[in-house]
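Please open the model in your viewer and keep the sequence panel beside it. The tour below moves from one selection to the next and says what is to be found at each stop.

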Amino acid sequence: MTSFYDEIELEDFEYNEDEEIYYFPCPCGDKFQISREDLVNGDEVAHCPSCSLIIRVIYDPEDFEEEGDTIDWGSESITV
C-alpha cells in the first residue's frame, strides 16, 4: 500500500506549458511534479525530486483524452 503525504486537486498545481509539467510546493522547499504525459497515461502520483514524499493528484482522466485516440477493445477498435 502506498502512503501519500497528501491528496491535491490538479487545479491547485502550477502548470508550465513549455515543459508540460505540473508543479506543487513540497514542504522540503522543492516542488512535487507530474507531467501531462503521466496524467494522459493515468498516473496520479506526483513526486518530489528532492525528498521521498509523494502526493496523489486528484483529476478527471477524461480531461486528458485527446480527440482521435483509439481505444482497443479486443477485436474491436473505437475512435473517439
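## The whole chain

Among the contacts in the protein chain between residues at least 6 apart in sequence, 30% join residues at least 24 apart. Please keep in mind throughout that this is a predicted model. With the chain drawn as a cartoon, one helix and eight strands can be picked out, and, followed from the N terminus, these elements run β-β-β-β-α-β-β-β-β. If you switch to a surface, the protein chain exposes about 5,900 Å², of which carbon and sulfur atoms supply 42%. Of the 80 residues in the protein chain, 25% count as buried.

## First stop: leucine 39

Select leucine 39, whose place is in helix 1, residues 36-40. Is leucine 39 buried or exposed? Its relative accessibility is 1%, and leucine 39 therefore counts as buried, the cut-off for that class being under 20% relative accessible area.

Now show the side chains around leucine 39: leaving aside residues up to four places away in sequence, leucine 39 touches Leu10, Tyr22, Ile34, Val57, Tyr59 and Phe64. For one of these partners a distance can be drawn, since the C-alpha atoms of leucine 39 and tyrosine 59 are 8.5 Å apart in space, with their positions 20 residues apart in sequence.

From leucine 39, a second distance leads to glutamate 65, with 9.7 Å from C-alpha to C-alpha and a separation of 26 residues in sequence. Glutamate 65 is found in the loop between strand 6 (54-58) and strand 7 (70-73), and, with a relative accessible area of 52%, glutamate 65 is exposed.

## Second stop: the salt bridges of arginine 56

Which residues are linked in a network of salt bridges? Select Glu7, Glu44 and Arg56, the members of that network, and display their side chains as sticks. The count of salt bridges comes to two, and each can be inspected in turn.

In one, the side chains of glutamate 7 and arginine 56 meet with an N to O distance of 3.6 Å. This pair links distant parts of the chain, as glutamate 7 belongs to strand 1 and arginine 56 to strand 6, 49 residues apart. In the other, arginine 56 forms a salt bridge with glutamate 44, the closest N and O atoms being 3.0 Å apart. Here too the pair links distant parts of the chain, with arginine 56 in strand 6 and glutamate 44 in the loop between helix 1 and strand 5 (45-47), 12 residues apart.

Colouring these residues by accessibility is a useful check. Glutamate 7 is partly exposed, with a relative accessible area of 45%; glutamate 44 is partly exposed at 30%; and arginine 56, at 25% relative accessibility, also counts as partly exposed.

Before leaving arginine 56, measure out to serine 3, as the C-alpha atoms of serine 3 and arginine 56 are 9.4 Å apart in space although the residues are 53 apart in sequence. Serine 3 is found in the segment before strand 1 (6-9), and at 65% relative accessibility serine 3 counts as exposed.

## Third stop: a negative patch and the loop at glutamate 20

Return to the surface and select Glu17, Asp18, Glu19, Glu20 and Glu37, which gather there in a patch of negative charge. Among them, glutamate 20 has its place in the loop between strand 2 (14-16) and strand 3 (21-25), and its relative accessibility of 44% is why glutamate 20 counts as partly exposed.

The backbone of glutamate 20 also deserves a look. What is the phi of glutamate 20 near? The angle is near 55°, a positive value in a residue other than glycine. Most residues other than glycine have a negative phi, and most peptide bonds are trans.

## Last stop: isoleucine 21

Step along to isoleucine 21, which lies in strand 3. Not counting residues up to four places away in sequence, isoleucine 21 touches Glu14, Tyr15, Asn16, Gln33, Ile34 and Ser35. A final distance connects isoleucine 21 with glutamate 37, their C-alpha atoms being separated by 8.5 Å and their positions by 16 residues along the chain. Glutamate 37 brings the tour back to the patch of negative charge on the surface, where Glu37 gathers with Glu17, Asp18, Glu19 and Glu20.

How values were computed
Residues numbered from 1 in each chain as written. Predicted model: local features only at pLDDT ≥ 70, side-chain atom pairs only at ≥ 80, totals over all residues. Heavy atoms only, no water. Patch = residues over 30% accessible without salt bridge, like charges linked within 9 Å, V, L, I, M, F, W, Y side chains within 5 Å. Areas by Shrake-Rupley, 256 points an atom, 1.4 Å probe, with all protein chains shown as cover. Salt bridge = Lys/Arg side-chain N within 4 Å of Asp/Glu carboxyl O. Lys, Arg positive; Asp, Glu negative; His and termini not counted. Charge placed at Lys NZ, Arg CZ, Asp CG, Glu CD. Helix = DSSP H or I, 4+ residues; strand = E, 2+ residues; numbered from the N terminus. Buried < 20%, exposed > 50% of the residue type's maximum accessible area, 1.4 Å probe, protein only. Contact = heavy atoms within 4.5 Å.
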